[in-house]
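Here are some friendly notes to read with the model open beside you. Take the points in order, and find each residue as you go.

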Amino acid sequence: MTDGRDNQHDASTRFAHLGRPRPGLGTPVNPAVERASTLLFERSEDLYRDDIRGYGRHGSNVHDALKTLFCELEGGATAQLYPSGVMACTQPVLSFVKPGDHVLLTDSAYGPTRFFGQTFLRQMGVELELYDPHIGAGIADLMRDTTSVVLLESPGSLTFEIQDIPAICAVAREAGAVSIIDNTWSAGLTLNPLALGADISTHSATKYFGGHGDLLFGAAICAGEEHGAKLAKTAKQLGVASSPDDAYQVLRGFRSVTTRFAKQAATAQALAIWLGQHAEVLQVLHPGHPDHPDHALWQRDFTGGGCLFSVVLTERSHARVDAFINALRLFGIGYSYGGFESLAIHCDPQLKRRHADALPGPLVRFACGLEDADDLIADIEQAFAASA
Ligand SMILES: Cc1ncc(COP(=O)(O)O)c(C=O)c1O
């Protein structure tokens, strides 16, 4: 492998060159996929060595290359891979909690993360407390002697609040709690939470890195070796393993992610600005929009946007919101984002947050794909007209 941290080059250059086999006499451009549960050894005594892989669940060359790229993405010391993004959100928490502990989770978090906290953690005797995403340094008032983990997500899923990451993580660190942030939205390309004080940054690689809506994968990047070792131990104890084929597709996605991400983020920004002026739209929930309440905080910590945002529509019935989405021709109706195809969902049926009632109208979320921005705008315009 031609690995090794390279801070001199742009991300697109680094992602094109890292985690690749050294050229020989006809070497493939990426590490070859090795499918195996059993790994074979010539000598019996080698089976029990700690310094080599003994079994398929322990990974492969493709997994190692992918870990190198995830570390490179955010300057992490270690990376742990998971078979889904949800697992990247939930498994790291299990490494740091015990019965009697207290965990803080932003009220704006991705639904299944919240579900995990309210069910699995509670069954373990761990108390989950939701906090206002805008709490900032005020989170100090919620910290207890038993607080072991603080979970962040910025922007928030569906409602796109920006959190004061440095302030929250500084309080967590001071109190001896581990801060873990879901950084899926930015792909690690426009936000580096580890540089802002977070201990662990998690990704649903299903989104931008998979890039094609056809696989599930997750990763957690740790700022320090110690946290990384704990994640690795939990994964080993629970038997977490990911398919080499999926890992390969994510590795392949890394090679082109900066280009796809830039186009998708630019399209989202263009659509957000256009929708902000539309009579059918009350409010645009995209932190890159100048009218977003957290725009200044976003400008301070992020270097750009993502492909996903929501809009609050003017008062209309759920049936009319569904009619609008059904009338879209270029947007698929489905969960997720970061793939080549644009998607739209009506969020209200899944808005369980305390603040959901505060929204002045129905919420629709758009995920921008690789289509032309003007074509997407024309599609939204005709769908508004068709459902008027
Ligand atoms: C912010 C966020 N985190 C985590 C996940 C979970 O990822 P996966 O679908 O790979 O399990 C998602 C999926 O939509 C997400 O949007």
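1. Let's begin where the two domains meet. In this predicted model, domain 1 and domain 2 bury about 3,000 Å² between them, and 60% of that area is on carbon and sulfur atoms. If the unit looks odd to you, the size of an interface is often given as the accessible area lost when the parts come together. On the domain 1 side, Leu158, Trp185 and Tyr208 lose the most area to domain 2, together 26% of what that side buries.

2. To get your bearings, colour the chain by domain: residues 11-253 make up domain 1, and residues 258-386 make up domain 2. The contact draws on 37 residues of domain 1 and 36 residues of domain 2. From one C-alpha centre to the other, the two domains lie 27 Å apart.

3. Now for the polar side of the interface. How many salt bridges does the rule find across the interface of domain 1 and domain 2? There is one. Asp164 forms a salt bridge with Arg300, and their closest N and O atoms are 2.8 Å apart. Across the interface of the two domains there are also 15 residue pairs in polar contact, with both residues at pLDDT 80 or more.

4. Which elements give two or more residues to the side of domain 1 that touches domain 2? They are α1 (11-17), β3 and α5. The largest share comes from α1, which gives three residues. Sorted by type, the residues on this side of domain 1 divide into 17 nonpolar, 14 polar and six charged.

5. Helix α5 deserves a visit of its own. Spanning residues 165-174, α5 has these buried residues: Ile165, Ala167, Ile168, Cys169, Val171 and Ala172. As you read along that list, keep a general rule in mind: an α-helix has 3.6 residues a turn, so residues three or four places apart point the same way. The cover over the buried residues of α5 includes the strands β3 (127-131), β4 (147-153) and β5 (178-182), along with helix α8 (295-301). Just after α5 comes Gly176, with a positive phi of about 80 degrees.

6. Next, step back to the loop between β4 and α5, where Pro155 sits. The peptide bond from Ser154 to Pro155 is cis, with omega near 0 degrees. Leu158 is in the loop between β4 and α5 too, and its phi is positive, about 75 degrees, although Leu158 is not a glycine. Phe160, another residue of the loop between β4 and α5, has a positive phi of about 65 degrees and is not a glycine either.

7. Are Leu158 and Phe160 buried or exposed? Leu158 has a relative accessible area of 9%, so Leu158 is buried. Phe160 has a relative accessible area of 1%, so Phe160 is buried as well. You have met Leu158 before: it is among the domain 1 residues that lose the most area to domain 2.

8. Finally, look at Thr258 in helix α7, which runs over residues 244-276. Why does Thr258 count as buried? Buried means under 20% relative accessible area, and Thr258 counts as buried because its relative accessibility is 17%. Leaving aside residues up to four places away in sequence, Thr258 touches Ala11, Ser12, Phe15 and Leu189. Try showing those side chains together with Thr258.

Methods
Residues numbered from 1 in each chain as written. Predicted model: local features only at pLDDT ≥ 70, side-chain atom pairs only at ≥ 80, totals over all residues. Heavy atoms only, no water. Buried < 20%, exposed > 50% of the residue type's maximum accessible area, 1.4 Å probe, protein only. Helix = DSSP H or I, 4+ residues; strand = E, 2+ residues; numbered from the N terminus. Contact = heavy atoms within 4.5 Å. Domains from an automatic or database assignment. Buried area = accessible area lost by both parts, 1.4 Å probe. Salt bridge = Lys/Arg side-chain N within 4 Å of Asp/Glu carboxyl O. Polar contact = N/O pair within 3.5 Å; in protein donor to acceptor, adjacent residues only side chain to side chain. Nonpolar A, V, L, I, M, F, W, Y, C, P; charged D, E, K, R; others polar.
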